Amino acid sequence: MPLPSIPTAKTGPNIKAGGAASESLRRRRAAGFLLGRGSLSAPGSNLARLPIALDPRGLSIMEGIRAACAFGTVILVHEFVAWPPLLIMALAANLTCFADIGGPMRSRLMVLAVFSVLAGVVWSLFGLMQPHGPALVVPVATLVIFCCTYARVWGVQEQTAGNVLVLVLAFALDRPLSGSEAAVAGAMVLAGGLWATVLALALWRLNPYRPTQRAVAEVWRRLALLSGDLEDLAASEKADAAGFDDHARAHRRGVREAIELARSLIVDLARSRERVSDRTAQALIRLESAEQAFAALIALSDRIEADLNPNRQVRTRRLLRRLRPLLLVVARAIRDDTILDLARIERSIERAGRGFSSDPALKALAERILDRVRIGAKLSTPEGYRPGGTLLGSASLPLRRRLLGPLKANFTLASPNLRHAIRASVVTAPVLGLTLLWPGPFTHWLTITVVLTMQPFYAATWQRALERIGGTVLGGMLGALLASVATTTLTLAALIFPLSIIGFAARQVSYGVFIACLTPLVVLLVEVMEPGHASWEVAGMRALFTLLGGLIAVASSLLLWPVWEPDQVRLELKKAVKAHADFARTVLSNRAEAERSGAAEQAARASGLALNTLEAALSRALQQPRAGRHPQVETAMVADATLRRIGARLSALRYAAEPRRDPKSDAENEVEACRAWTLWITTTLARLAEDGSALPAHPDLPRADSLVRLVTQVELLTETLRPTHSREEAHLAEAAAGTAGR
């Protein structure tokens, strides 16, 4: 669909300048808006495109240096000691770095320690079992792979560790081990894992608050992108409904996901320390301020779309133009942990809030947004630190419940996690059998590719296969070139350091880039650990097995117990409609009490999360063969845009000033009409979420002015989800009008 034109004027309502146009274009590209191509951390506006864009902000040089030291030092020691088990220790340290994705120290320590122990046991056990052939190895390995892939129910850290354990299993089956060799190999795997863990969590501890700071700063940065794009829409003479829909999908989903990520990091950090430190409390307040500003910006977007008053649009653009740099300043201060000049910030906030005395509705929104910016700025001054020391929410669940709860909740075929674990086990079993019957030095790459490429949903599997295959081919060619230049093992070992730094530093930039940077490292490691193979042979075999494994993973996702996305979309749509029904009931029933108790904020959050889940299901459906043209998917696309508008309108009503009553009007009739339409809105939304529930009839009263736009959107949603009911109501209305005419 065509995007709204980007304005080139900032000097007046109708005067345009090229500098503003280039700045507007840059902002929209920064948001992934023009191309609609998003990344995993910042979904784009086009749900049909794979989110494989690069995220340069994910680059972490320090993580790369730490990973290189973890196993590179062991390889250098081996060059002087020449004891082969040291290579196993180096490989184990490397795999432990893969399993470590960051986060609170306590949870990382538990996951990495358990991983190190299990890795040592798996290597020893399957090394001993390897001579007994597929009849014994395949059933046991299948059970282990099921457990490793099912570990995703506990979280991303456990999911990553489980996937890496499959790599350990595949490497262990490369050669048979005697009893003494198995003991030594298991001990060296344990030593490598513990060495990498100690290096990461004790000897080379990064700032424990750094991930939280970055996550909260990212929320403020995305608010700046949102406000900049909203300014462009407000200035555009051709902005239409499609433009606002793209804006909502490109920004609101990303901001909400960033808020939830930051909240989870803050809660994990607080619970790992049992008490809230000053820095944790500061991060929590900054996040709450950003979330409240986000809600107010959603309300502002509703006003921009609905109100075409030129004077109000000029004031809105002026506010947004001054707001964006303020948000960026706060974001940078949080990210870099710097102190702000509060007096200067206050002057900027004061300038941004001028000119609203004649517009009470816009003034209330502007004050709310700027007050939250003021809070975020004050917390970046020495006076902004306040003593903490209270518990954050409820205590964490007992270990038994944390372990068994997710296992029981997902142990049903309706769970994508269980179906994924079964699929991975069933598909990997014959692959393992083939690699054992026709062994080779590189066949483990086939097993590894199948397991790591396969995901619970087809769209994610397809994306992972494309990125892994493309990255492997490019990286393999580079690795072969480097290996052909390096003529000694010492040179190869020296090259491992920079390649490891590059590979692990790019881990969060993009999966494809990560694989492309990591494959040269793998090629060189094979040259060190398995000398005698030509570098081009290593690269070619890795590319061949990666291609074959990717094809197997994609085919299995389509053929074995697939999650049919149109059905998933229908379920998520019902949840989203119900969440908006709760939001409407909370805001419209008793707005003041809902704001005081925090119920309105919770309902807004729930509705935003439900829409994010719906759009994730829609994105997967649009990327699935033939599913994008399914009627349920097309209906959900329209309903998603309508629900976004309903949520924006409810946000606007949260912050709307109380309407002034005309003493000459019939106040009782006005209040009665408002109550009747409020009941109709909440009842209609609630029943739309239930299959077969009868919808209420329209009240026989004039529509309250404040609810006209909301009623229109609910009617549009009804027409989308229940077209038969809408046609029947239209016929009844025509019949009633005809009877009245006679």
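Me: What makes a stretch of the chain a helix or a strand here, and how many of each are there?
Reply: Helices are DSSP runs of at least four residues in state H or I, and strands are runs of at least two in state E. By that rule this predicted model has 27 helices and 0 strands.

Me: Why are Phe442 and Trp445 called stacked or edge-to-face?
Reply: Let's set the values against the rule. Rings pair if their centres lie within 6.5 Å, and planes under 30 degrees apart count as stacked. The centres of Phe442 and Trp445 are 5.3 Å apart and their planes are at 20 degrees, so this pair is stacked. The count of aromatic pairs comes to 7.

Me: How do you know whether Phe442 and Trp445 are buried or exposed?
Reply: Buried means under 20% relative accessible area. Phe442 has 3%, so it counts as buried. Trp445 has 5%, so Trp445 counts as buried too. Trp445 also has a charge for company: the charged end of Arg542 sits over its ring, 5.3 Å from the centre.

Me: What kind of pair do Phe504 and Phe514 make, and why?
Reply: Their ring centres are 6.5 Å apart and their planes are at 65 degrees. Planes over 60 degrees apart count as edge-to-face, so that is the name for this pair. Phe504 lies in helix α18 (residues 489-505) and Phe514 in helix α19 (residues 511-529), so the pair ties together parts that are 10 residues apart in sequence. Ring pairs also link Phe98, Phe504 and Phe514 into a cluster.

Me: Why does Phe514 count as buried or exposed?
Reply: Its relative accessible area is 7%, and the limit for buried is under 20%, so Phe514 is buried.

Me: What makes the Arg464 and Tyr511 arrangement a charge over a ring?
Reply: Part of the test is that CZ of Arg is within 6 Å of the ring centre. The charged end of Arg464 is 4.0 Å from the centre of the Tyr511 ring and sits over that ring.

Me: How do you know that Asp302 and Arg649 form a salt bridge?
Reply: A side-chain nitrogen of Lys or Arg must be within 4 Å of a carboxyl oxygen of Asp or Glu. For Asp302 and Arg649 the closest N and O atoms are 2.9 Å apart, which meets that limit. Asp302 lies in helix α10 (residues 278-306) and Arg649 in helix α24 (residues 631-654), so the pair ties together parts that are 347 residues apart in sequence. Both residues, Asp302 and Arg649, are buried. They also belong to a network of salt bridges with Asp245, Glu305, Arg645 and Arg709.

Me: Why is Arg596 called buried, partly exposed or exposed, and what about Glu593?
Reply: Exposed means over 50% relative accessible area, and partly exposed lies between 20% and that value. Arg596 has 62%, so it counts as exposed. Glu593 has 35%, so Glu593 is partly exposed. These two residues form a salt bridge, with the closest N and O atoms 2.9 Å apart. Both lie in helix α22 (residues 591-597), 3 residues apart, about one turn of the helix.

Me: What makes Leu403 partly exposed, and where is Leu403?
Reply: Its 38% relative accessibility falls between the 20% and 50% limits, so Leu403 counts as partly exposed. Leu403 is placed in helix α14. It helps to make a nonpolar surface patch of about 570 Å², alongside residues including Met110 and Trp154.

Key: Residues numbered from 1 in each chain as written. Predicted model: local features only at pLDDT ≥ 70, side-chain atom pairs only at ≥ 80, totals over all residues. Heavy atoms only, no water. Phe/Tyr/Trp six-rings, centres within 6.5 Å; stacked < 30°, edge-to-face > 60°. Buried < 20%, exposed > 50% of the residue type's maximum accessible area, 1.4 Å probe, protein only. Lys NZ or Arg CZ within 6 Å of the ring centre and 35° of its normal. Patch = residues over 30% accessible without salt bridge, like charges linked within 9 Å, V, L, I, M, F, W, Y side chains within 5 Å. Areas by Shrake-Rupley, 256 points an atom, 1.4 Å probe, with all protein chains shown as cover.
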